[in-house]
Amino acid sequence: MNPILAKIIDQIARHQRFLITSHIRPDGDAIGSELALYHLLCQRGKTATIYNEDAIPSNYRFLPGADAITETLGDTRRFDAAFLLDCSEIDRVGREAGPIGSIPILINIDHHVSKGPFCEIAWNDDQASSTGEMVYRLAVAMGADTNWDVAVNIYTAILTDTGSFRYANTGSETFSIAADLVARGVDPYAVAEQIYESVPVEKIQMLARALNTLEFHWQGRISSICVTKQMMQEVGASPEHTDNFADYIRAIQGVEVGVYYTELSPGRFKISLRSKGIINVERIASAFGGGGHERAAACRMEGDYEDIQEKINQAIMASGLL
């Protein structure tokens, strides 16, 4: 058995009260992994609390256990250990990073390229399709009952982080795991319908506004869109209504990198980068203090929008010319 896996299983056996958390604006991989681990711990008779800074997006509220997720952390002294899932840095959990960091034992499970472990027990595998795939491996190593509650959450994590099994992180093991989860009762159509075919009208309205800002650079190899706070206020939208916008513009013929700029506050932007594979956007995001994967990464920058856009475009072009 992987020695890190053995260490994680030992910590689960030794302790009773666990916190489970993930990054701000949790996506399907983060939420599915959290809920799967929550059910696995409950099977062991453990007490588990899931905390996220941001609310769960509406299209994931069908997942079993979703009601257990809270946006209020409370006193962290009640926890023996904390699992930080899908996080390459502790600051990614948000404003409660300090109190969470004070919990005696921190366990990190993540499939992103890491700048180095931020805690003693860190299981990082950037070859895994998703954190959900790693939680599946943990369940197998524990000899746990991968029942429907666990299986549908892991399936959701894998489905969403592989772009419905389209991205380069999809391998033969990914399909083998998915097949096992379906054999355990997961209905692929029912899950896909909840996630992809129950889109709030606000998301479509936001997408229409975002596409009006579409620009092309570097002879059409870079595409970009921008969503401002004013746009979101006009629609009555929240950040969850802009998820995956970068994927839409990466899909344009001839585009190598899609860049989605989100205005977080005046003069402060989140930049989401999506690559078709020639350009490693993780390196670009890391140069500006962010991170992620070779084909999907993000960072945050402050300043004038046009200046930020120019810096990102120059970094992409320089990377493409190496």
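# Salt bridges, cores and a pocket in a predicted model

A search of the whole structure finds 13 salt bridges. The structure is a predicted model, and the points below take up some of these charged pairs, then the nonpolar cores, the second largest pocket and two residues with positive phi. As general background, side chains of opposite charge can pair when their charged atoms come close.

**Salt bridges between separate parts of the chain**

- Arg95 pairs with Glu53 in a salt bridge whose closest N and O atoms are 3.4 Å apart. This pair links distant parts of the chain, since Arg95 sits in the loop between β4 (81–85) and α3 (97–101), while Glu53 sits in the loop between β2 (47–51) and β3 (69–70), 42 residues apart.
- The two partners differ in their surroundings: Arg95 is exposed, with a relative accessible area of 60%, whereas Glu53 has a relative accessible area of 17% and is buried.
- Arg137 and Asp125 also meet through their side chains in a salt bridge, with an N to O distance of 3.0 Å. Here, too, distant parts of the chain are linked, with Arg137 in helix α4 (residues 131–142) and Asp125 in the loop between β6 (121–124) and α4, twelve residues apart.
- Asp125 counts as buried because its relative accessibility of 18% falls under the 20% cut-off, while Arg137, at a relative accessible area of 22%, is partly exposed.
- Both of these residues belong to a network of salt bridges in which Asp125, Glu133, Arg137 and Glu173 are linked.

**A salt bridge within one helix**

- Asp247 forms a salt bridge with Arg250, and the closest N and O atoms of the pair are 3.2 Å apart.
- Asp247 and Arg250 both belong to helix α10 (residues 245–250), where they are three residues apart, or about one turn of the helix, and both are buried.

**Nonpolar cores**

- The largest nonpolar core comprises 49 residues, and those with the most contacts inside it are Ile8, Phe83, Ile109 and Leu181.
- Leaving aside residues up to four places away in sequence, Leu181 touches Tyr136, Thr146, Ala151, Ile154, Tyr155, Ile158 and Val186.
- A second core, separate from the largest one, has 21 residues, including Ile279, Cys299, Tyr305 and Ile316.

**The second largest pocket**

- The volume of the second largest pocket is about 230 Å³. It is lined by 13 residues, of which Arg25, Lys229, Pro239, Glu263 and Leu264 are the closest to its centre.
- Two elements, α9 (229–235) and β9 (257–265), each give two or more residues to the lining of this pocket.
- Sorted by class, the lining of the second largest pocket consists of five nonpolar, three polar and five charged residues.

**Positive phi outside glycine**

- Trp218 has a positive phi of about 55°, although Trp218 is not a glycine. Its place is in the loop between β7 (215–217) and β8 (222–227), and at 15% relative accessibility Trp218 counts as buried.
- Asn244, another residue other than glycine, has a positive phi near 70°. Asn244 is found in the loop between α9 and α10, and with a relative accessible area of 44% Asn244 is partly exposed.

Terms used:
Residues numbered from 1 in each chain as written. Predicted model: local features only at pLDDT ≥ 70, side-chain atom pairs only at ≥ 80, totals over all residues. Heavy atoms only, no water. 1 Å grid on protein atoms, 1.4 Å probe; cavity = no way out; pocket = protein on both sides within 12 Å on 5 of 7 lines; lining within 4 Å. Points joined across faces, edges and corners; volume = space filled by probe spheres on them. Helix = DSSP H or I, 4+ residues; strand = E, 2+ residues; numbered from the N terminus. Nonpolar A, V, L, I, M, F, W, Y, C, P; charged D, E, K, R; others polar. Core = buried A, V, L, I, M, F, W, Y, C linked by side-chain atoms within 4.5 Å. Buried < 20%, exposed > 50% of the residue type's maximum accessible area, 1.4 Å probe, protein only. Contact = heavy atoms within 4.5 Å. Salt bridge = Lys/Arg side-chain N within 4 Å of Asp/Glu carboxyl O.
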